[in-house]
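Got your viewer open? Let's take a walk through this model, one selection at a time.

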Amino acid sequence: MLDTVLGKLARQHDPNVLIGFDNADDAGVYLLGPDSALVQTVDFFTPIVDDPYTFGQIAATNALSDVYAMGGKPITALAMVCFPEKEDTAILEQILAGGLSKRVEDDCTVIGGHSIRDEEIKFGYAVTGLINPQRVLANGGAQPGDRLLFTKSLGTGVISTAIKKGTAQPAWIAAAVKSMTTLNKVAGEVLSGAYGPVHEEARPFQIHSLTDVTGFGLIGHAREMALASNVSLRFFASKIPVMEGALECIRAGDIPGGLKANRDFAECLVQYDAGVGEELKTLLFDPQTAGGLLISVAPADADGLIAALKATGVPAVEIGEVLPNAKPMISVME
């Protein structure tokens, strides 16, 4: 909706805007100087778990993710709070404490924020990061032959819906919460070559495109990558990591509204092999909270990057490949 409205307005021309809202990328990038640029993003939402501290952690993890998805380092954050006037402020304290715990983990400083009275609780952050402008990892740039890697499992949307219905099993909740509170920090540092020289040619892996899989689901964010890169993508259903309990939630009808919207919008671009199951087809559109990173990497570097990510505790797997631009835009094989 916001994209539709912004697209109708006159756009300012500023040569320092390296990536703006018209790129459909994960965050905006603004040039400060030859070796420095800002990465800026904002994200907030309503509670998806009952525990306020955990909700704060999830909201913080989710908001930070878009900076990592550009290859940046978060440095400051502004809290955004909507909170009922008559609600117990101890709940708000726990939400903020949960968010702060993730800010401390990433060494990202909360420097202020804004709150309003609202009948429904909402919480999140506007995050500012830094990046070398020569090292921006945009969602465009994927090349035919690249391998597609993914760093988390799918399923937080349907499991969150089951949590709200009171039908989620404890093991499913634990797996979803662990995923949603795990920062993409370590993965981002491996991808951006944070520990190496600042020169682009010194980056240890040839990463051509990067995005995080969040509210639009795997297919929605894959669509953005394909469009920005002028390529097609192929996924292998058997290799896509699935969170414990996710398929069971789909069979039980625990389908969030966002999943249905994602599917209605993007499934027209997808072609499936006959053997791909209906539950997995559905899961490909599941809106993720603090989801994993989708990486397009040169084929010669795919195995090395997977090994490097796994060595740091990131469970990266290869789930597909990049093809020349053709129809269908996205295909899913068994």
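Start by selecting proline 328, which sits in the loop between strand 12 (317-324) and strand 13 (330-333). Turn to the bond that leads into proline 328 from lysine 327: this peptide bond is cis, with omega near 0°. Keep in mind as you go that you're looking at a predicted model.

Two more loops are worth a stop. Select aspartate 107, in the loop between helix 3 (89-106) and strand 5 (109-117). Its phi is near 60°, a positive value in a residue other than glycine. Is aspartate 107 buried or exposed? At 59% relative accessibility, aspartate 107 counts as exposed, because the cut-off for that is over 50%.

Now jump to asparagine 230, in the loop between helix 7 and strand 9 (231-236). Asparagine 230 isn't a glycine either, yet it has a positive phi of about 60°. With a relative accessible area of 53%, asparagine 230 is exposed.

Time to go inside. Select Phe45, Phe55, Phe123 and Tyr125, and show their side chains: together they form one aromatic cluster. The count of aromatic pairs comes to 3. Zoom in on phenylalanine 55 and phenylalanine 123: the ring centres are 6.3 Å apart and the planes stand at 65°, so this pair is edge-to-face. Which parts of the chain does the pair link? Phenylalanine 55 belongs to helix 2 and phenylalanine 123 to strand 6 (residues 122-131), distant parts of the chain that are 68 residues apart.

Stay on phenylalanine 123 and add tyrosine 125. Here the ring centres are 5.1 Å apart with the planes at 70°, so this pair is edge-to-face too. Both residues are tucked away: phenylalanine 123 is buried, with a relative accessible area of 1%, and tyrosine 125 counts as buried at 2%. Phenylalanine 55 is buried as well.

Next, select helix 5 (residues 170-180) and colour Trp172, Ala176, Ser179 and Met180, which are buried. Look down the axis of helix 5: the buried residues fall within an arc of 95°, so they line one face of the helix. An α-helix has 3.6 residues a turn, so residues three or four places apart point the same way. What covers the buried residues of helix 5? The cover includes helix 2 (52-68), helix 4 (156-165) and helix 8 (246-251). Swing round to the face turned away from the buried side, and you'll find the exposed residues Pro170 and Lys178.

Keep Ser179 selected, and add Thr151, Lys152, Thr182 and Pro315. Of the 19 residues that line the second largest pocket, these are the closest to its centre. This pocket holds about 420 Å³ of space. Helix 5 and helix 6 (185-192) each supply at least two residues of the lining. Sorted by class, the lining has 8 nonpolar, 7 polar and 4 charged residues.

For the last stop, select helix 9 (residues 257-266). Its buried residues are Leu259, Asn262, Arg263 and Ala266. They cover an arc of only 95° around the axis, which puts them on the same side of helix 9. Show what surrounds these buried residues, and you'll see that the cover includes helix 4, helix 7 (217-229), strand 10 (270-272) and helix 10 (278-283). Finally, rotate helix 9 to the face turned away from its buried side, where Gly257, Asp264 and Phe265 are exposed.

Technical notes: Residues numbered from 1 in each chain as written. Predicted model: local features only at pLDDT ≥ 70, side-chain atom pairs only at ≥ 80, totals over all residues. Heavy atoms only, no water. Buried < 20%, exposed > 50% of the residue type's maximum accessible area, 1.4 Å probe, protein only. Helix = DSSP H or I, 4+ residues; strand = E, 2+ residues; numbered from the N terminus. Arc of directions from axis to C-beta. Contact = heavy atoms within 4.5 Å. 1 Å grid on protein atoms, 1.4 Å probe; cavity = no way out; pocket = protein on both sides within 12 Å on 5 of 7 lines; lining within 4 Å. Points joined across faces, edges and corners; volume = space filled by probe spheres on them. Nonpolar A, V, L, I, M, F, W, Y, C, P; charged D, E, K, R; others polar. Phe/Tyr/Trp six-rings, centres within 6.5 Å; stacked < 30°, edge-to-face > 60°.
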